[in-house]
Amino acid sequence: MCGAKSKSLIFTGLLFNCLEMIFSANTGFSMSIYDVTSRSIYLRWPKISGASSYRVTATAVDTVGHSLLAHFSDVTFKGTLTSLIPNTLYAIQAEAIDKNGIILAETQIMQSTAPDIPVIDQAYSKLSNSITVEWRAVPGATSYLLTAQDGDSFIETVVTNSPGTVTGLKPATLYRITIRSINSGGKSQPSPFRKAKTVLAAPVLSVSSPSCDSIAVRWKAVYMAAGFSVSLMRSDGLGRMLKENTTNTSLIFTNLDPGTLYTIKAYAWNINGIPGDDFTYNQRTSPNAPADVQVAFNSGALRAIVSWMPTEGALTYSVTASSGLLKLKCNTSSASCVVPSLRCGSEYYVSVTAYNDAGSSKPTDAVSLKTIPCAPVNISIEEDEPGHLLVSWSSVNFGYYYVVFVKSDDGLEVHCNTSHTQCHFQSDCGFTYFISVFAYNKAGQSPLGDVFNYTTAPCCPSDLRAVVVSSDTVQVTWAPVRGVDMYQTRAVDWSGVALCNGTATACTLSALQCNTQYNVTVYSFSEARGSNTSCASNAIARSPAGQSLPSHSVPLETAPCCPNDLIVTQVTQSVTNISWSVGMGAQTYVTTLESPKGQAKCHTLQNYCLLGCITCSTNYTVSLKAISETGLTSSCTYRGYSSSACCPSGVKLYRLGNNGIRVYWRASEETRDYHTDLHGSKGNFTCTPSSGLSHCDIMEIPCGDVYTVVVSPVTDKGPKLTFCPKKIYSVTCSGSSVGMVIYRGKSNAEQRI
């Protein structure tokens with residue numbers, strides 16, 4: 001290949017300066033460019049049959065008088081045009097010539113050379129992963145290719161102007177840097193290289209705040225580092241900057257402000273003192289312990305409200321209340337927190353710890369909190385003597401003094417304040433007292449414990465009167481007293497005792513001995529306390545002397561006729577009235593009710609008789625003797641009589657839920673069914689429980705009313721019993737719901753037969 005100057009050839013091919021390739025007619029001859037530099041163009045073409053050589057001419061389009069001619073043999077199908085002008089457009093014509101010099105085919109192409117080779121002014125590294133290069137601009141260059149080579153590896157970057165930076169490099173590494181200029185024609189040859197070394201990598205910091213006034217900085221060794229510089233300053237710019245130079249890989253800054261954000265900057269330098277990349281980290285010191293901790297105790301809810309002064313830099317706070325092994329915690333971002341579920345009778349030590357992203361402060365000094373005492377237990381109530389109650393209990397932790405409240409069922413309340421564990425109260429007979437004991441300390445009152453009730457012995461019957469009804473019958477009456485569920489009347493003589501039990505304030509003793517002195521005693525009983533044996537009412541009853549039956553004569557007469565009609569009527573549960581029609585010829589009568597459980601007998605001049613001591617739910621045989629004036633007797637037998645079913649005992653009312661009442665009783669017979677009636681000013685209520693139950697529930701009962709309660713056995717036939725005991729209860733209100741249920745005694749209608 002050779003090159004020579006020739007005349008400039010101007011022909012029609014110049015009209016196609018925008019074409020990359022021109023084909024000659026009917027030959028298929030073409031030419032292509034496969035590389036371009038600042039002063040060279042690299043060509044290739046196909047073989048043309050018959051051609052012995054190829055002639056290539058390159059003519060500068062915009063530069064007069066500059067052209068280049070090159071010849072190539074027939075075995076060469078590519079060539080290089082050299083010594084061209086940089087950044088110049090050339091019209092390139094190729095001709096295929098045979099051995100006789102005849103042109104067999106020709107083609108033309110337009111191609112520009114690349115810009116001139118740049119010259120590097122300087123190359124330097126400011127970051128560990130890059131090198132910056134500066135050069136003078138090259139005319140015609142639209143961009144530049146920077147190359148950084150490290151041994152066999154290299155990294156290239158295209159930039160548009162100076163300076164340019166090659167990135168993605170390794171720290172502390174020496175690179176060969178070259179640059180090539182680029183235009184639409186191609187790239188220039190590489191510039192002469194410059195050597196440049198990347199700076200050291202930045203140390204990667206691990207930062208913590210071991211205390212509220214210090215920050216610890218650690219890092220791993222950096223390749224080629226001779227030392228390190230670490231500086232620290234408040235992020236808000238206040239205060240002065242602290243700087244430390246060291247060859248170690250850790251250091252601690254002390255005497256810092258608690259809870260404050262600091263900016264830490266660190267870099268390594270090499271043996272020549274050239275600094276490398278820096279590493280910046282923001283770290284906050286851990287907070288100081290909160291100040292002025294205050295603890296307020298809510299005795300009703302058994303919780304503590306803990307407050308404190310906020311501390312600088314704290315994000316959250318944790319309150320710990322410790323009592324032995326028990327620890328209660330409360331977390332918050334504010335300056336107060338509620339610690340719930342405290343235990344009564346306990347001492348807690350309360351401390352507060354502040355937290356932020358750096359860690360925690362030291363806990364504050366513990367504040368002692370003593371909660372309210374627990375409700376006293378082991379409460380006992382004794383009536384050491386009539387009219388005096390002794391209430392005692394066990395002492396409780398942190399109970400400085402105690403208050404005992406005693407409320408009677410008539411609403412009167414008294415209390416006792418003491419530092420001991422017992423209190424004395426005066427009491428009256430026949431009352432039910434509701435007793436509660438509270439313990440107190442500086443924190444407040446203990447929770448409500450069990451409310452106890454104590455019923456004193458019933459009062460003694462008074463105004464006792466005994467009236468002789470007949471020679472063998474005495475009727476005893478007395479005034480009603482408080483707290484009595486049943487009265488027992490005893491008539492005692494030298495030979496035995498006649499008993500009469502009932503709830504009424506009257507009793508008829510029959511079948512007594514005539515002309516005999518009896519000591520009559522009435523005792524009061526209550527279900528809660530039993531008999532009041534401390535008092536008894538006595539009366540002396542004596543059958544009238546000389547009031548014996550008339551003397552007998554022996555007239556000739558027939559026995560008197562039996563009465564045609566005899567009616568047995570139950571007056572109370574223990575008293576029965578027997579009446580009959582007049583028996584012709586009869587002057588006196590003896591009536592008898594007899595069962596396996598006993599006998600009741602009455603001797604009278606009338607045609608009726610009251611028989612006491614009748615047993616409920618018992619079958620009796622009924623007999624009557626009609627006696628004439630002369631002593632003749634007719635024995636008359638009538639249809640048997642069954643006394644009424646037994647009334648239940650122990651009738652009581654209990655509060656059930658918000659607006660419910662449970663009526664409870666002790667059944668007299670296991671298989672008996674019962675019917676319950678409650679009568680009040682706000683309404684009447686009834687209920688009949690399932691067979692075998694001894695209680696009955698009445699729901700949605702109005703509170704704030706007085707109710708008369710009767711529980712009667714259900715009979716197979718006949719009207720409902722009307723003489724079962726009627727008890728009076730007050731149902732108080734607690735808000736809109738049922739409150740206390742208080743026993744008020746018995747109905748006045750019951751007090752007399």
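How many bridges join strand 44 to strand 45? In the predicted model, in which local features need pLDDT of at least 70, side-chain atom pairs count only at pLDDT 80 or more and totals for chains, interfaces and linings use all residues, two bridges join strand 44 to strand 45 (residues 530–531), and the two strands run antiparallel. Residues are numbered from 1 along each chain as its sequence is written, and side-chain values use heavy atoms, with hydrogens and water left out.

Strands are DSSP runs of E with at least two residues, numbered from the N terminus, and two of them are taken to pair if DSSP finds at least two bridges between them. Strand 44 is connected to strand 45 by a hairpin of three residues, and Ser526 has Gly530 of strand 45 as its bridge partner. Strand 44 (residues 517–526) is also joined to strand 41 (residues 486–493), in an antiparallel arrangement with seven bridges, in which Tyr487 stands opposite Ser524 of strand 44.

Strands 41 and 44 also recur in the largest pocket, where each gives two or more residues to the lining, as do strand 42 (496–502), strand 43 (506–509), strand 54 and strand 60 (726–734). A pocket is here an open set of points on a 1 Å grid over the protein atoms alone, where a 1.4 Å probe fits, with protein on both sides within 12 Å along at least five of seven lines, and lining residues have an atom within 4 Å of a point. The volume of the largest pocket, taken as the space filled by probe spheres set on the points, is about 970 Å³. Its lining comprises 46 residues, of which Met486, Gly502, Thr503, Gln573 and Pro725 lie nearest the centre, and the largest share, four residues, comes from strand 42.

Strand 54 (649–656) is, with strand 58 (695–698), an edge strand that pairs on one side only, within an open, antiparallel sheet of three strands in the order 54-55-58. Six bridges join strand 54 to strand 55 (residues 660–666), and Arg655 is partnered by Ile661 in strand 55.

The largest nonpolar core (buried Ala, Val, Leu, Ile, Met, Phe, Trp, Tyr and Cys residues joined through side-chain atoms within 4.5 Å, buried meaning under 20% relative accessible area with a 1.4 Å probe, protein chains only) has 23 residues, of which Phe29, Leu43, Trp45, Tyr54, Val56, Leu81 and Ile92 touch the most other members. Strands 3 (41–44), 4 (53–60), 5 (67–73), 7 (89–97) and 8 (103–112) each supply at least two residues of this core. Residues up to four places away in sequence aside, the contacts of Ile92 (heavy atoms within 4.5 Å) include Leu43, Val56 and Leu81.

Terms used: Buried means under 20% relative accessible area, exposed over 50%, partly exposed in between (1.4 Å probe, protein chains only).
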